[in-house]
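Got your viewer ready? Let's take a short walk through this model, one selection at a time.

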Amino acid sequence: MQTSPLSDKQNDISTPTHKTMSLVPAPPPSQPDGPLFAEVDMGGDSFAPTIRATVVQASTVFYGTPATLDKAERLLAEAAGYGSQLVLFPEAFVGGYPRGSNFGVTIGNRAAKGKEEFRKYHASAIDVPGPEVDRLAAMAGKYKVYLVMGVIERDGYTLYCTVLFFDSQGRFLGKHRKIMPTALERIIWGFGDGSTIPVFETPIGKIGAAVCWENKMPLLRTAMYAKGVEIYCAPTADSRDVWQASMTHIALEGGCFVLSANQFCQRKDYPPPPEYLFSGTEEELTPDSVVCAGGSVIISPSGAILAGPNYDGEALISADLDLGEIARAKFDFDVVGHYSRPEVFSLVVRDHPAKPVTFTSASEKTEDAYK
């Protein structure tokens with residue numbers, strides 16, 4: 001694996017603040033003068049294509065959704081220029097991960113300042129569908145990539161930590177809402193239900209996603225394995241070393257490629273105090289303090305690290321995925337196939353939307369339409 005800094009021209013498109021972004025590239029294409037957007041290399045085995053994937057390690061422009069979308073497009077263009085066919089962004093990239101904030105919450109009380117913080121955070125979220133989703137779809141189509149993007153979804157006045165999926169033709173495929181927000185995330189994000197645990201079958205493989213610590217939920221993983229996930233996307237906010245052990249375990253357990261994308265953030269990537277405070281640590285931080293160190297990584301079905309983990313700064317981290325490795329791994333261990341024991345253990349997934357209110361008149365109108 002090689003790390004090389006981008007040129008000055010490339011730095012100009014890396015971030016609005018012109019931070020240096022390092023690139024961890026996949027091996028260069030065998031035909032350097034070939035097309036900008038690499039085709040699926042079928043090689044000698046039509047059943048085992050090789051595809052190039054990139055995970056983006058970069059920070060949100062906090063409280064700046066239009067600027068974040070501009071940044072996303074610059075990074076997507078960069079990744080496409082290196083021949084990437086699948087690009088994964090971190091958890092909550094659009095809308096922001098409110099690291100360090102407690103939204104003024106203590107047991108039994110919510111402070112006025114915290115309520116105002118939530119108002120601004122709510123304003124930075126996006127509707128799905130909505131104009132920001134349309135723009136992301138257009139980006140995917142423009143650069144001919146499959147795009148997996150972490151966003152904060154606004155549904156009325158409830159927010160969800162959501163992953164959006166787009167194909168290389170610019171079509172919105174669907175979404176996954178985080179099933180279980182972690183710790184204090186539960187005061188700002190709603191809970192996803194079983195209706196948004198998709199795995200999309202595409203020409204470059206079956207793609208699904210689970211967000212951050214819900215990757216530790218064995219039953220959720222099992223549901224995804226049962227749907228045949230081959231490229232398992234794990235956008236996260238966890239930069240601890242131990243996260244790498246979870247990613248390696250999932251790759252081995254699922255016999256799938258695991259792509260984990262995290263933000264690399266410094267204190268200056270968030271609004272300055274007193275507008276935004278890192279609760280309990282603000283006085284210890286300088287503008288250059290690293291508040292999330294990244295650790296984005298790509299791992300093969302055999303548990304081999306193909307690229308990363310990167311803790312050095314904002315980066316595009318890429319690798320070529322030989323999909324033939326999936327069958328070789330499954331020969332050893334197929335968790336929902338020859339290594340399962342359904343007569344002993346089974347899982348039921350309630351995959352219908354869980355709605356708090358249902359209006360009977362709506363169902364009656366539907367019935368009348370078919371009479």
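**Enclosed spaces first**

The structure holds 3 cavities of 30 Å³ or more. Please keep in mind along the way that this is a predicted model.

Start with the largest cavity, which has about 40 Å³ of space. To see its walls, select Glu91, Tyr97, Arg99, Thr236, Ala237, Asn262, Gln263, Cys265, Tyr270 and Cys292. Now try colouring that selection by residue class: the lining of the largest cavity comprises 5 nonpolar, 3 polar and 2 charged residues.

**On to a pocket**

Next, turn to the second largest pocket, with a volume of about 450 Å³. Its lining is made up of 19 residues, and those closest to its centre are Thr222, Val335, Val336, Ser346 and Leu347. Selecting these five is a good way to bring the pocket into view.

Which helix gives the most to the lining of this second largest pocket? Select residues 218-226: this is helix α5, and it contributes 6 residues to the lining. With the whole lining of the second largest pocket coloured by class, you should find 11 nonpolar, 3 polar and 5 charged residues.

**Last stop: a histidine**

Finally, select residues 242-254 to show helix α6, and pick out His249 within it. Is His249 buried, partly exposed or exposed? Its relative accessibility is 41%, so His249 counts as partly exposed, since that class lies between under 20% for buried and over 50% for exposed.

Before you leave, add Ile299 to the selection and draw a distance between the two C-alpha atoms: His249 and Ile299 are 50 residues apart along the chain, and their C-alpha atoms are separated by 9.9 Å.

Notes:
Residues are numbered from 1 along each chain as its sequence is written. This is a predicted model: local features need pLDDT of at least 70, side-chain atom pairs count only at pLDDT 80 or more; totals for chains, interfaces and linings use all residues. Side-chain values use heavy atoms; hydrogens and water are left out. Helices (H or I, at least four residues) and strands (E, at least two) are DSSP runs, numbered from the N terminus. Buried means under 20% relative accessible area, exposed over 50%, partly exposed in between (1.4 Å probe, protein chains only). On a 1 Å grid over the protein atoms alone, a cavity is a set of points where a 1.4 Å probe fits but cannot get out, and a pocket is an open set with protein on both sides within 12 Å along at least five of seven lines; lining residues have an atom within 4 Å of a point. Grid points are joined across faces, edges and corners, and a volume is the space filled by probe spheres set on the points. Ala, Val, Leu, Ile, Met, Phe, Trp, Tyr, Cys and Pro count as nonpolar, Asp, Glu, Lys and Arg as charged, and the others, Gly among them, as polar.
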